[in-house]
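Colleague: I would like to learn how to read a model of this kind, going from one residue up to whole chains. Could we take the features in turn, with the general idea before the case?

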Amino acid sequence: MDDRRYVTDVVVDPGAMRPGSRTVVLNGALKGDEALAPVEDELLALLRETGTLVRDFQLRDVPLAYCQGCFECWINTPGLCKTDGDAGRRITGAMIGSDLMVLLTPITFGGYSSEIKKAMDRSICMVSPFFRRVGGEVHHRRRYRRYPALAAVGVLHEPDEEQERIFRTLVERNALNLYSPATAVCVLPAGAPSPVVRDRLATSLEPVLGRLAGRAA
Amino acid sequence: MSARRAVLLVGSARPRGTGNSEALGSYLLARLAEGSMNTEVFHVGRCLRPEKERLLLEAVDGADLFVLSTPLYVDALPYLVTRFAERIAAHRAEQPEGSAVRFLALVNCGFPEWEHTRTALDICRVFAREAGFEWTGGLGLGGGEAIGGRPLKELGGQTRYLRRGLDLAAEALLAGRVVPEEAQALLARSGIPSRLYTALGTIGWLKAARRHGTLRRLGDRPLQ
């Protein structure tokens with residue numbers, strides 16, 4: 001499938017590139033919402049400095065079917081969604097093949113945008129149908145030996161402590177269920193000036209960016 | 001005075017008549033109908049065309065009670081539910097203030113513990129606020145897969161606490177009250193013990209894999 005319309009492999013300075021690490025960015029901006037674009041620019045600039053190879057998906061332009069909740073990816077075609085011919089397998093493949101997965105999203109009722117959610121729902125093939133117990137709760141067992149670290153960058157159109165709290169909890173829960181070895185969350189107000197965005201991103205994402213830099217070095 | 005109206009949105013993408021969210025929502029709706037409410041059911045997967053979406057938006061605007069019954073997908077509401085929540089909130093922001101619509105969220109998950117649904121219920125509460133609904137409460141259910149898409153009454157004693165919890169919720173909604181905490185406590189007691197649930201779940205996956213000839217491939221790593 002020709003995916004040039006919605007995927008960008010970020011070009012890095014060949015001299016600076018240490019292709020020891022890979023990052024996938026899922027941009028979940030809804031149609032007509034351009035508040036994420038300047039944040040994405042700063043995010044990509046920060047990632048570039050680590051020397052990681054970035055694969056950047058603009059989800060609103062991606063042909064992607066929604067999860068039907070059929071569990072065939074666990075039983076009939078283990079590890080693969082039955083839906084082929086869209087970008088689903090390419091996105092989950094990029095996720096599991098990366099060292100860092102970054103979700104960039106408008107915070108929507110405290111959660112991810114529908115665009116991010118469509119991609120995340122398709123990720124259940126990355127874990128096993130079988131169970132394990134963690135802290136008294138049941139979760140699914142891992143399918144792969146290694147999983148990417150998880151970072152989420154949420155943009156709030158109005159300050160809202162409740163939504164920020166829910167968003168942080170959601171990312172923690174995802175990290176637990178997707179075996180993320182490290183997690184970072186950054187919440188930004190829409191329209192923040194670039195230096196503020198860059199500073200907040202660098203500080204909040206340090207736990208995962210530091211790992212990338214270490215891996216690439 | 002015209003009869004009050006309740007609208008149920010089923011958040012599962014599974015075919016009609018096979019989903020656990022539908023079984024749960026239908027049970028609650030039947031209790032509300034017994035209390036003289038008119039009821040109407042929408043399925044997210046059947047509201048994707050613009051004309052169907054418009055019917056859903058109009059029905060919600062004209063309802064006294066809007067009930068969302070949905071599965072938990074990856075710790076939150078599924079894509080289709082999130083999409084409709086975005087559409088409903090945007091639509092209602094453009095409307096002149098109408099009569100109050102009350103909102104109840106019922107979230108079920110495939111893990112035995114209902115606590116997995118907390119984040120999704122929090123998201124539902126914020127959605128209610130943003131869309132101008134009156135929040136009547138959220139109910140979380142663990143072990144939803146044990147329902148198997150069947151009507152709750154057919155499951156007998158297995159669903160007695162669940163049905164009592166939903167009965168209590170319906171009673172409160174009919175009386176114009178918020179859903180009492182006791183309803184959630186009853187849902188939390190519902191179902192089968194965690195270790196038995198996971199054991200039965202494991203056997204279920206193995207049997208299904210055997211039927212499909214994939215028993216030795218269940219641990220495949222095709223994306224690596």
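Colleague: Let me start with a single residue: is C124(B) buried or exposed?

Modeller: Please keep in mind throughout that this is a predicted model. The idea is to count the C-beta atoms around a residue, with 20 or more within 10 Å making it buried. C124(B) has 29 other C-beta atoms within 10 Å and is therefore buried. This residue is found in helix 4 of chain B.

Colleague: Which residues does C124(B) touch, if I leave out those up to four places away in sequence?

Modeller: With those set aside, C124(B) touches L68(B), A105(B) and G138(B). A related reading compares separation along the sequence with separation in space: C124(B) and A85(B) are 39 residues apart in sequence, while their C-alpha atoms are 8.8 Å apart.

Colleague: Turning to the whole of chain B, how many helices and strands are there, and in what pattern do they follow along the sequence?

Modeller: Chain B has seven helices and five strands, and reading along the sequence gives β-α-β-α-β-α-β-α-β-α-α-α. Of its 224 residues, 49% count as buried. Among the contacts in chain B between residues at least 6 apart in sequence, 76% join residues that are at least 24 apart.

Colleague: What does the radius of gyration say about chain B?

Modeller: The value is set beside the one expected for a compact globule with that number of residues. For the 224 residues of chain B the expectation is near 17 Å, and the chain has 18 Å, which agrees. Along the principal axes, the C-alpha trace of chain B spans about 60 × 40 × 25 Å.

Colleague: And what do the corresponding figures look like for chain A?

Modeller: With 217 residues, chain A would be expected to have a radius of gyration near 17 Å as a compact globule, and its value of 17 Å agrees. The C-alpha trace of chain A spans about 50 × 45 × 35 Å along its principal axes, and buried residues make up 47% of the chain. Its secondary structure comes to seven helices and eight strands.

Colleague: How should I read the packing of two helices, and what is the angle between helix 1 and helix 6 of chain A?

Modeller: In general, two packed helices are described by the angle between their axes and the distance between the axes. In chain A, helix 1 (residues 37–50) and helix 6 (residues 194–204) pack at an angle of about 50°, with their axes 9 Å apart. Helix 1 and helix 6 of chain A are therefore oblique to each other, and helix 1 of chain A passes helix 6 of chain A in a right-handed crossing. On the side of helix 1 of chain A the contact includes P38(A), V39(A) and L43(A), and on the side of helix 6 of chain A it includes V197(A), R198(A) and L201(A). By class, this contact has seven nonpolar, one polar and two charged residues.

Colleague: Finally, how many residues of chain B are in contact with chain A, and which element of chain B gives the most?

Modeller: Here 43 residues of chain B are in contact with 41 residues of chain A. The elements of chain B that give two or more residues to this side are helix 3 (79–94), helix 4 (118–131) and helix 7 (194–212), and helix 7 of chain B gives the most, with eight residues. By class, the side of chain B that touches chain A has 21 nonpolar, eleven polar and eleven charged residues.

Technical notes:
Residues numbered from 1 in each chain as written. Chains lettered and ligands numbered in written order. Predicted model: local features only at pLDDT ≥ 70, side-chain atom pairs only at ≥ 80, totals over all residues. Helix = DSSP H or I, 4+ residues; strand = E, 2+ residues; numbered from the N terminus. Rg over C-alpha atoms; globule rule 2.2 N^0.38 Å. Buried ≥ 20, exposed ≤ 12 C-beta atoms within 10 Å, placed from the backbone. Contact = placed C-beta atoms within 7 Å. Axes fitted to C-alpha atoms, helices over the stretch in contact; angles between N-to-C directions. Parallel < 35°, antiparallel > 145°, perpendicular 65-115°, else oblique. Left-handed = near helix turned anticlockwise from the far one by under 90°. Nonpolar A, V, L, I, M, F, W, Y, C, P; charged D, E, K, R; others polar.
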